[in-house]
Amino acid sequence: MQKKRLSARRPLLLAVGAGVTAAALAAGMTSAFAATVFSDDFTDGDTSGWSKSGGTWTVDGSGVLNQSNAGSELARQFAGQSSWTNYSVQARVRPTSFGSSSALVGLAARSTSSTKMYRLALLGSGRAELQAVNGSSVTAIGSAALGIGTGTWYTLRIETSGSTIRGFVNGTQIASGSNSLAGAGRIGLVTAYASGGFDDVLVDSSGGGTPTTPPPTTTGPPTTPPPTTTPPPAGWPTPTGSQKVDATIPVSGSFDGGLKRYYGIGDGGQSESQDPMFELAAGATLRNVIIGAPAGDGVHCEGNCTLINVWWEDVGEDAATFRGGTTYTVDGGGARSASDKVFQHNGSGTVYIRNFRVENAGKLYRACGNCSTSYQRHVVIDNVIVRNTDAIAGINTNWGDTARFSRITIVGDPDRETSICVKYKGVPKGSEPTEIGEGADGVNCLYSPSDITYQ
């Protein structure tokens, strides 16, 4: 992860020759394109780039910035530039102690002095409150009772756009309002009569994170999936025959396997860079195939592709990897015994998964969080049966990914342990994404309670 950046990669890449400069963007923060202008994960063990006001601040061995003086009336760390105007600031925040119900651990935006700022505060009372702070005068813009407790990480985000100020906790908006206290200012990490930890600070010039490389212009996924073609059988199919495969089968056009079992590629494990069983050219369709074990890296789609009634009896590295296209459809079929993920989305665009069943898996879908090229990715999941699976989808919210769910049936999960939508912070290749939350938020994870049925 790039640390303590005061530059703007994406606007510069998209507006070369248009007179856009890093200095202008850092000063005005007014580009129409999302740009990460500052970030810090404290893994270097110091607070260079930050200015302290009060409190006792140290970076621990795990790369977390801690403020340990719970008796401090107001402890702050500031970063950025006083000229920043429209931006979002996000950080992971963990309260460790509250001295009273009004004590707080929080995040600040548009700070014009050590006592004038917008502040998203986690309070000892258990509430989260978005505040306009001017000295001893504190005006609540909005709040929510969230049962805030100590020892738990919360992802806080403040978005500023003109006079509109919004506050989010774990991806859910808890407050929004118009306020003219401050039109520009720095970011801050804040405690008052409390102690806490801070990590993964990210400042973005238009309300969200940006990929490590500029993605193509995309729109969000449609509200409903394309028309259904072939629904899945009532249960797992019986193969009509078996065929050992010694080399990847290339597919262009359409391939119908007649529900024959294909097996024999790879080692059946999670080792990287195994060959796929089938490699689909752009526009290809694979249908009526059972993929047995070992299955290598399953199916590779090198462009737009369609998988109809394809079954994976024992997923190897991945069931299918979507690489070079913009639209991928999985209609019917199922997958089981995937120790990690079933579908890996490395390319751009949207994956549609419908009329499908998944059993004994880590995740049904994962948008790549550390590929060499990062895109905004979408998935639409409809009419899927889920059993013994850790999560249905994992997406990178800092890159604008979305996951939409409808008609999801989760079987045999009385304790509701299956996560519907897990949110990650995407990172450059060579690093590991961090999980930052889960659950419906109306922005990235799109579903309502009526979309999920438990049996």
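**Group meeting: a strand-rich predicted model**

I'll start at a loop, the one between β20 (284-291) and β21 (299-301), because that is where Pro294 lies. Keep in mind throughout that this is a predicted model. The peptide bond joining Ala293 and Pro294 is cis, with omega at about -5°. As background, most peptide bonds are trans, and most residues other than glycine have a negative phi.

That second point brings up two asparagines. Asn355 has a positive phi, near 55°, and its place is in strand β25. Asn388 has a positive phi too, near 50°, and this residue lies in strand β26. Buried or partly exposed: how does Asn355 count? Its relative accessibility is 3%, under the 20% limit, so Asn355 counts as buried. Asn388, at 48%, counts as partly exposed.

Now the overall picture. The protein has two helices and 31 strands. Out of 455 residues, 54% count as buried. The accessible surface is about 17000 Å², and carbon and sulfur atoms hold 47% of that. Taking contacts with a separation of 6 or more, 62% are between residues 24 or more positions apart.

Next, the interior. The largest nonpolar core has 52 residues, and Phe278, Trp312, Phe343 and Ile353 have the most contacts inside it. Which strand gives the most to this core? Strand β25 (residues 349-367) does, with eight residues. Apart from this core there is another, of 42 residues, including Val59, Tyr87, Ala103 and Ile148.

Back to Trp312 for a moment. If you set aside neighbours within four places in sequence, the residues in contact with Trp312 include two phenylalanines, Phe343 and Phe356. Among the others are Trp236, Ile291, Leu307 and Arg336, along with the glycines Gly298 and Gly334.

On to the sheets. One open sheet is formed by seven strands with antiparallel pairing, in the order β2-β5-β14-β7-β8-β9-β10. Which strands stand at the edges? They are β2 (51-53) and β10 (137-145); each has a single partner strand, so one side of each has no neighbour in the sheet. Neighbouring strands here are turned against each other by 20° on average, direction ignored.

Inside that order, β7 (residues 104-113) pairs with β14 (residues 186-192) over six bridges, in the antiparallel sense. To find the register on screen, look for Leu107, whose bridge partner in β14 is Leu189. In a regular strand, side chains alternate between the two faces of the sheet.

Last, strand β28, residues 419-425. Seven of its seven residues are buried, so β28 is largely enclosed by the rest of the structure. How many bridges does β28 form with β26, and in which sense? There are five, and the pairing with β26 (residues 377-396) is parallel. Ala393 stands opposite Cys421 of β28 there. With strand β29 (residues 434-438), β28 runs antiparallel, joined by four bridges. In that pairing Val422 stands opposite Glu438 of β29.

To tie two of these points together: β26, the parallel partner of β28, is also the strand that holds Asn388. Likewise β25, which gives the most residues to the largest core, is where you will find Asn355. That is what I have for today.

Technical notes. Residues numbered from 1 in each chain as written. Predicted model: local features only at pLDDT ≥ 70, side-chain atom pairs only at ≥ 80, totals over all residues. Heavy atoms only, no water. Buried < 20%, exposed > 50% of the residue type's maximum accessible area, 1.4 Å probe, protein only. Pairing = 2+ DSSP bridges. Core = buried A, V, L, I, M, F, W, Y, C linked by side-chain atoms within 4.5 Å. Contact = heavy atoms within 4.5 Å. Areas by Shrake-Rupley, 256 points an atom, 1.4 Å probe, with all protein chains shown as cover. Axes fitted to C-alpha atoms, helices over the stretch in contact; angles between N-to-C directions.
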